[in-house]
Amino acid sequence: MSMLRFFGCLILTSLVLYSSACRSTPQGGEAASLDVLATTTIIADVVRQVGGEAIHVSALLPVGTDPHAFSPTPQDIARVVQADLIFTNGAGLEEFLSSMIESAGSAEKVVDLSNGIKLISSAEDEGHQAGDPHVWTDPNNVLIWVQTITTALKNADPSNSSLYEQNAQHYREELTNLDAWIVAQVAQSPPEERVIVSDHRFFSYFARRYGFQQVEAIIPSFSSLAEPSARDLAALEDFIRQHQVRAILVGTSANPALAQRISQDTGIRLVTIYTGSLSAAGGEADNYLDYMRFNVRAIMSSLK
Ligand SMILES: [Zn+2]
């Protein structure tokens, strides 16, 4: 063997050793194998809690994006083509989705997390026959997500089944604790004072679970893309005065112009919440559990 070939072999061997040593090794010594895409940052976080080190997960929508208003680029379609699995909220949240999945030819990789969840619908909201897509405002619906996610990951990657089961079990406990914490927070205000006004119809599932009697919105729709009429706005201002509403909850991705106008007309406060997206990594609401705690604190402060 020539010296040159000897060193060539040595370099090649060390490269192979180096690259395998650098991969994370979850249970069974398997390298992170699944490339998983989630539409929103909220879904990406929940999928990450179940998948742990065995998957690589990223969100299609950048932090701070309104999922109703998102329009994908050719690069986004390429990510859809490359992914092994795509978790979507479904129920009409991602209005861009069906045409994108069609152009990417990836329908069989899509896991629709609204499966198994009973949707709340409203006769007035004709554009969204499916119902309210914001199911995650009740952590009990996220428990159903966790079940669907666990099944999908196990089917796609059976070698890490027990890891996914363990992670799911741990996260279920965190969700159950979150639910109990919200019940305790909400109990501090009398039921007749539990009123929510938000930028669009966002809190149906939260309101049903935690006993909020009145839920109104500036945009009287499950989609932030709808536009309120002058009559809608006048009716909302009447509602605010009649029910002595103290604050409007405005999502970070909402256009604040209408909320500011109503605030000027009625003297009501504006309180910031997170709606369709988590905060940036390292921020105050960069995972689902902190996102819910942040919003619950905002809701409770809006009642005072
Ligand atoms: Zn929304």
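A nonpolar core, as the term is used in these legends, is a set of buried Ala, Val, Leu, Ile, Met, Phe, Trp, Tyr and Cys residues joined through side-chain atoms within 4.5 Å. Keep in mind throughout that the structure is a predicted model.

**View 1. The largest nonpolar core, with its best-connected residues.** This core takes in 60 residues, and the ones with the most contacts inside it are Phe-87, Trp-145, Leu-153, Phe-206, Tyr-288 and Tyr-291. Domain 1 (32-182) and domain 2 (190-302) both contribute residues, so the core lies between them. There is also a second, separate core of 13 residues, with Val-197, Phe-239, Val-250 and Ala-259 among its members. As a bit of background, nonpolar side chains in soluble globular proteins tend to be buried together. For the chain as a whole, 48% of the 304 residues count as buried.

**View 2. Phe-87 and what it touches.** Zoom in on Phe-87, one of the residues with the most contacts inside the largest core. Skipping neighbours within four places in sequence, Phe-87 is in contact with Val-36, Leu-37, Ala-38, Thr-39, Ile-43 and Val-47, and also with Val-111, Leu-113, Ile-149, Ala-152 and Leu-153. Leu-153 is itself on the list of residues with the most contacts in that core. Contacts across the sequence matter for the overall tally too: of the chain's contacts with a separation of 6 or more, 65% join residues 24 or more positions apart. The chain that these contacts hold has ten helices and eight strands.

**View 3. Helix α2, mostly wrapped up.** How many of the eleven residues of helix α2 (residues 41-51) are buried? Nine of them are, so the helix is largely enclosed by the rest of the structure. The buried set is Thr-41, Ile-42, Ile-43, Ala-44, Asp-45, Val-46, Val-47, Val-50 and Gly-51. They pack against three strands, β1, β2 (55-59) and β3, and against the helices α5 (139-156), α6 and α10 (288-302). Just after α2 comes Gly-52, with a positive phi of about 55°.

**View 4. The one cavity.** The count comes to one cavity of 30 Å³ or more, and about 30 Å³ of space lies in the largest cavity. Its lining is made up of Leu-37, Ala-38, Thr-39, Leu-60, Val-80, Ile-86, Leu-97, Met-100 and Ile-101. Two elements give two or more residues each to that lining, β1 (34-38) and α4 (97-104). The biggest share is from α4, with three residues. By class, the lining has eight nonpolar residues, one polar and no charged ones.

**View 5. Two non-glycine residues with positive phi.** Ala-91 has a positive phi of about 60° even though it is not a glycine. Ala-91 sits in the loop between β3 (85-88) and α4. Is Ala-91 buried or exposed? At a relative accessible area of 10%, Ala-91 is buried, because buried means under 20%. Gln-244, another residue other than glycine, has a positive phi near 50°. The loop holding Gln-244 runs between α8 (230-242) and β7 (247-251). With 58% relative accessibility, Gln-244 counts as exposed.

**View 6. Glu-192 and His-243.** Glu-192 is in the loop between α6 (161-186) and β5 (195-200). It is exposed, with a relative accessible area of 62%. Along the chain Glu-192 and His-243 are 51 residues apart, while their C-alpha atoms are separated by 9.8 Å.

**View 7. Lys-304, after the last listed helix segment α10.** Lys-304 is placed in the segment after α10. This residue is exposed, at a relative accessible area of 67%. Lys-304 is in contact with Arg-246 and Arg-269, leaving aside neighbours within four places in sequence. C-alpha to C-alpha, Lys-304 and Arg-246 are 7.1 Å apart, with their positions 58 residues apart in sequence.

**View 8. His-56 on strand β2.** His-56 lies in β2 and is partly exposed, with a relative accessible area of 49%. Not counting residues up to four places away in sequence, His-56 touches Leu-34, Asp-35 and Val-36. Ser-33 is 23 residues from His-56 in sequence, and the C-alpha atoms of the two are 7.5 Å apart.

Conventions. Residues are numbered from 1 along each chain as its sequence is written. This is a predicted model: local features need pLDDT of at least 70, side-chain atom pairs count only at pLDDT 80 or more; totals for chains, interfaces and linings use all residues. Side-chain values use heavy atoms; hydrogens and water are left out. Buried means under 20% relative accessible area, exposed over 50%, partly exposed in between (1.4 Å probe, protein chains only). Domain bounds come from an automatic or database domain assignment. Contact means heavy atoms within 4.5 Å. On a 1 Å grid over the protein atoms alone, a cavity is a set of points where a 1.4 Å probe fits but cannot get out, and a pocket is an open set with protein on both sides within 12 Å along at least five of seven lines; lining residues have an atom within 4 Å of a point. Grid points are joined across faces, edges and corners, and a volume is the space filled by probe spheres set on the points. Helices (H or I, at least four residues) and strands (E, at least two) are DSSP runs, numbered from the N terminus. Ala, Val, Leu, Ile, Met, Phe, Trp, Tyr, Cys and Pro count as nonpolar, Asp, Glu, Lys and Arg as charged, and the others, Gly among them, as polar.
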